Amino acid sequence: RQCLQKIEVKVLTAGEYGQTWLRYQALWDMDENTVIDEIGDDLSKWQELLISMRRSRTTFDNSDTEKAFGPIIVEYGTVQEKVNNKYDRWHKQLLSRFGQLLSDHMKKLFKDMRHARGQLEDLRLDVGDTSDICDSVTLLQELKRKAPIWKDQVTQQLEIEKLLQRQRYAFPAD
């Protein structure tokens with residue numbers, strides 16, 4: 001009886017391990033555009049996706065091609081190679097899309113900040129009438145409100161830039 005239980009445990013463990021490889025079938029079943037549409041322009045979700053992809057790669061990113069569960073040997077070398085290739089294509093496509101999205105966000109932020117700087121430089125401090133004073137105070141309050149938001153965006157974009165560098169993204173010249 002104990003012998004049968006031990007055999008059953010080995011078979012179940014080997015089966016569970018085999019299922020981890022079958023989960024990668026999703027790489028072939030998913031449509032890249034569906035994933036991109038689902039994530040949208042949310043940089044945090046993109047960042048989370050790339051970190052998650054990096055973590056999940058540890059299952060198949062090794063030199064082993066088989067795993068033994070007692071007398072049961074699961075040979076996964078061929079599947080591992082196919083998963084690696086498909087994963088690499090997915091990763092490259094998603095990195096490219098994310099890099100472009102980050103670039104767009106950075107350009108918009110830079111444009112907004114440059115516009116605000118121009119407004120500040122054009123601000124007249126030797127104002128003559130009340131309407132000029134109100135306009136100046138309103139502008140200063142608006143920019144004071146935007147400053148922490150911009151700071152958070154710059155911080156997030158720097159973190160994402162480092163993430164892309166770690167994942168070997170080839171940044172464009174601009």
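Start with the acidic side of the surface: Asp41, Asp42, Glu48 and Asp104 come together there as a patch of negative charge. One of these, Asp104, sits in helix H5, which spans residues 77-122. Asp104 is partly exposed, since its relative accessible area is 38% and that class lies between the 20% and 50% cut-offs.

Keep in mind that this is a predicted model. Confidence averages out at a mean pLDDT of 86 over the chain, with 98% of the residues at 70 or more. Helix H2 (residues 26-29) has the lowest confidence, with a mean of 74, while helix H6 (residues 130-166) has the highest, at 91.

There's a basic counterpart too: Arg54, Lys162, Arg166 and Arg168 form a positive patch on the surface. Among them, Arg166 belongs to helix H6, and Arg168 lies in the segment after H6. Both arginines count as exposed because their relative accessibilities, 53% for Arg166 and 72% for Arg168, are over the 50% cut-off.

Here are three of the patch residues side by side:

| Residue | Relative accessible area | Class |
|---|---|---|
| Asp104 | 38% | partly exposed |
| Arg166 | 53% | exposed |
| Arg168 | 72% | exposed |

What about the backbone at Arg168? Its phi is near 60°, a positive value in a residue that isn't glycine. For context, most residues other than glycine have a negative phi. So if you're browsing the segment after H6, Arg168 is there, with that positive phi and a place in the positive patch.

Notes. Residues are numbered from 1 along each chain as its sequence is written. This is a predicted model: local features need pLDDT of at least 70, side-chain atom pairs count only at pLDDT 80 or more; totals for chains, interfaces and linings use all residues. Side-chain values use heavy atoms; hydrogens and water are left out. Patches are made of residues with over 30% relative accessible area and no salt bridge: like charges are joined within 9 Å, nonpolar side chains (Val, Leu, Ile, Met, Phe, Trp, Tyr) within 5 Å. Accessible areas come from the Shrake-Rupley method with a 1.4 Å probe; for residues, only the protein chains shown count as cover. A salt bridge is a side-chain nitrogen of Lys or Arg within 4 Å of a carboxyl oxygen of Asp or Glu. Lys and Arg count as positive and Asp and Glu as negative; His and the chain ends are not counted. The place of a charge is taken as NZ of Lys, CZ of Arg, CG of Asp or CD of Glu. Helices (H or I, at least four residues) and strands (E, at least two) are DSSP runs, numbered from the N terminus. Buried means under 20% relative accessible area, exposed over 50%, partly exposed in between (1.4 Å probe, protein chains only). pLDDT is the predictor's confidence in each residue, from 0 to 100.
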